[in-house]
Amino acid sequence: MASYINATSAKNRVKLLIVKKSAIAAFATTGKPVQADFYTATNNTTGEITTKVNKPVELSGLQDVTINNSNGSFRWKQLDLSGESVITTNATNSLSGNFVLDTTDFWGTTTATFTTDAGTATGDGIFKMSNDRTEVAFLIAPSGAIDGETVIMGTGFISALAPTVSADSPVWVSPITIEVNGDYERALVEAGV
Amino acid sequence: MRQALLNYLTPALTGTIKTSNELPFEQGGSALYIKNMRKVYLDEPEVEQTQLLTTFDEDVNQNITTVRGYLAVDAKNRNIDLDSALLTLALARIQADISSSFRKEFDYTTTIDDDKIIYEFEYRFYTLA
């Protein structure tokens, strides 16, 4: 029997974490984000991320997510072959989805009187990071951040925000795209990360 | 929400049709609104929770609070202020102090029972759960 990627139970729910790339101190040496840049402890029973790092936005209200990995291609014809030949070229990677706007996630926690998170992803929120064209690092856990499951990471820029509300829907919803800079990085969640 | 409706309706209905604070219970096998004609009775609210939007974490739900009301009047001699009373009942949907609701609905049906005409009306208020 096939083993499907489970995204429905409480502990396997899709998670998307976003931090500012500039917050990852080790990026200059590693050149890529690692799990420890987002969290250092998760709960395998509940699926909750118990210890977060670098003040990430754990995007709530996600309605759907699409991981786009679209390789380019170059085709040519040869007289000695009946079919075209092909080779792949650089991929266009992006992460897209829709989410219900949560006040804190969208506007950030930083206010005139609360400045503890200022300058972090949590403090700035999704809108400011998009508006300021801040480079971000992201981690998506397609089947939860629990031991043995695969997560995908990368860096990029938030775009395609288009918050909308209608008379039929009393809450704001918006699409979101992270235009990925370079390749995705795959990793397995391990105890203690 | 029942009380908010009564707070609006009680001073607004000043003609031959008035409100009652009592619930429309039955007394001696007969509903109070049949016994006490020309009085508006509002029932206890009922709440139904339905899904508004699905998300990966907690869904966005809405509560639909339904308040039913009853009014019986003489079918032979129509009250002179019946039309304005019905208009007031309809206006209560938006005039009552229920600010948390993002959608408000009102409708009514009529039935004739012997020489009485019974208005059964329903308010529905939608709020985020």
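Here is a friendly conversation about a predicted model of a complex with chains A and B.

Residues are numbered from 1 along each chain as its sequence is written, and chains are lettered from A, with ligands numbered from 1, in the order in which they are written. In this predicted model local features need pLDDT of at least 70, side-chain atom pairs count only at pLDDT 80 or more, and totals for chains, interfaces and linings use all residues, while side-chain values use heavy atoms, with hydrogens and water left out.

Trainee: Let's start with confidence: which element of chain B has the highest mean pLDDT?

Mentor: The term pLDDT is the predictor's confidence in each residue, from 0 to 100. Chain B averages 91, and 100% of its residues score at least 70. Helices (H or I, at least four residues) and strands (E, at least two) are DSSP runs, numbered from the N terminus. Confidence in chain B is lowest in strand β2 (residues 26–27), at a mean of 82, and highest, at 95, in strand β4 (residues 39–42).

Trainee: And for the complex, what ipTM does the predictor give?

Mentor: Two scores come with the complex. The pTM is 0.82, and the ipTM is 0.79.

Trainee: What pattern does chain B follow along the sequence?

Mentor: Chain B has three helices and eight strands. Its C-alpha atoms fill a box of roughly 60 × 30 × 20 Å along the principal axes. Read along the sequence, the pattern is α-β-β-β-α-β-β-β-α-β-β.

Trainee: What share of the residues in chain B is buried?

Mentor: Buried means under 20% relative accessible area, exposed means over 50%, and partly exposed is in between (1.4 Å probe, protein chains only). Chain B has 129 residues, and the buried share of them is 43%.

Trainee: Now the interface: which three residues supply the most of the area that chain B buries against chain A?

Mentor: Ten residues of chain B are in contact (heavy atoms within 4.5 Å) with 15 residues of chain A. Buried area is the accessible area (1.4 Å probe) that two parts lose on being put together, summed over both; here that comes to about 1,000 Å², with carbon and sulfur atoms giving 65%. A share of 57% of what chain B buries comes from B:L53, B:F56 and B:D57.

Trainee: How many residue pairs are in polar contact between chain B and chain A?

Mentor: A salt bridge is a side-chain nitrogen of Lys or Arg within 4 Å of a carboxyl oxygen of Asp or Glu, and the rule finds zero of them across this interface. A polar contact is a pair of N or O atoms within 3.5 Å; within protein, one must be able to donate a hydrogen and the other to accept it, and residues adjacent in sequence count only if both atoms are side-chain atoms. With both residues at pLDDT 80 or more, the count of pairs is three.

Trainee: Which residues are linked with B:E122 and B:R124 in a network of salt bridges?

Mentor: Over all chains the count is 16 salt bridges. The side chains of B:E122 and B:R124 meet at 2.6 Å, N to O, and B:R124 counts as buried because its relative accessibility is 15%. The others in the network are B:E46, B:R68, B:E105 and B:D107.

Trainee: Is A:K52, in its salt bridge with A:E58, buried or partly exposed?

Mentor: The closest N and O atoms of A:K52 and A:E58 are 2.8 Å apart. A:E58 has 24% relative accessibility, so that residue counts as partly exposed. At a relative accessible area of 41%, A:K52 is also partly exposed.

Trainee: Which residue has its backbone nitrogen 3.1 Å from a polar side-chain atom of B:S20?

Mentor: B:S20 is in the loop between β1 (18–19) and β2 of chain B, and counts as buried because its relative accessible area is 7%. Leaving aside neighbours within four places in sequence, B:S20 is in contact with B:L6, B:K39, B:V40 and B:Y41. The backbone nitrogen in question belongs to B:E22.

Trainee: Over in chain A, how far apart are the C-alpha atoms of A:I152 and A:L139?

Mentor: A:I152 lies in strand β8 (residues 150–159) of chain A and is buried, with a relative accessible area of 15%. Not counting residues up to four places away in sequence, A:I152 touches several residues, among them A:I67, A:Y184 and A:L139. A:I152 and A:L139 are 13 residues apart along the chain, and their C-alpha atoms are separated by 5.6 Å.
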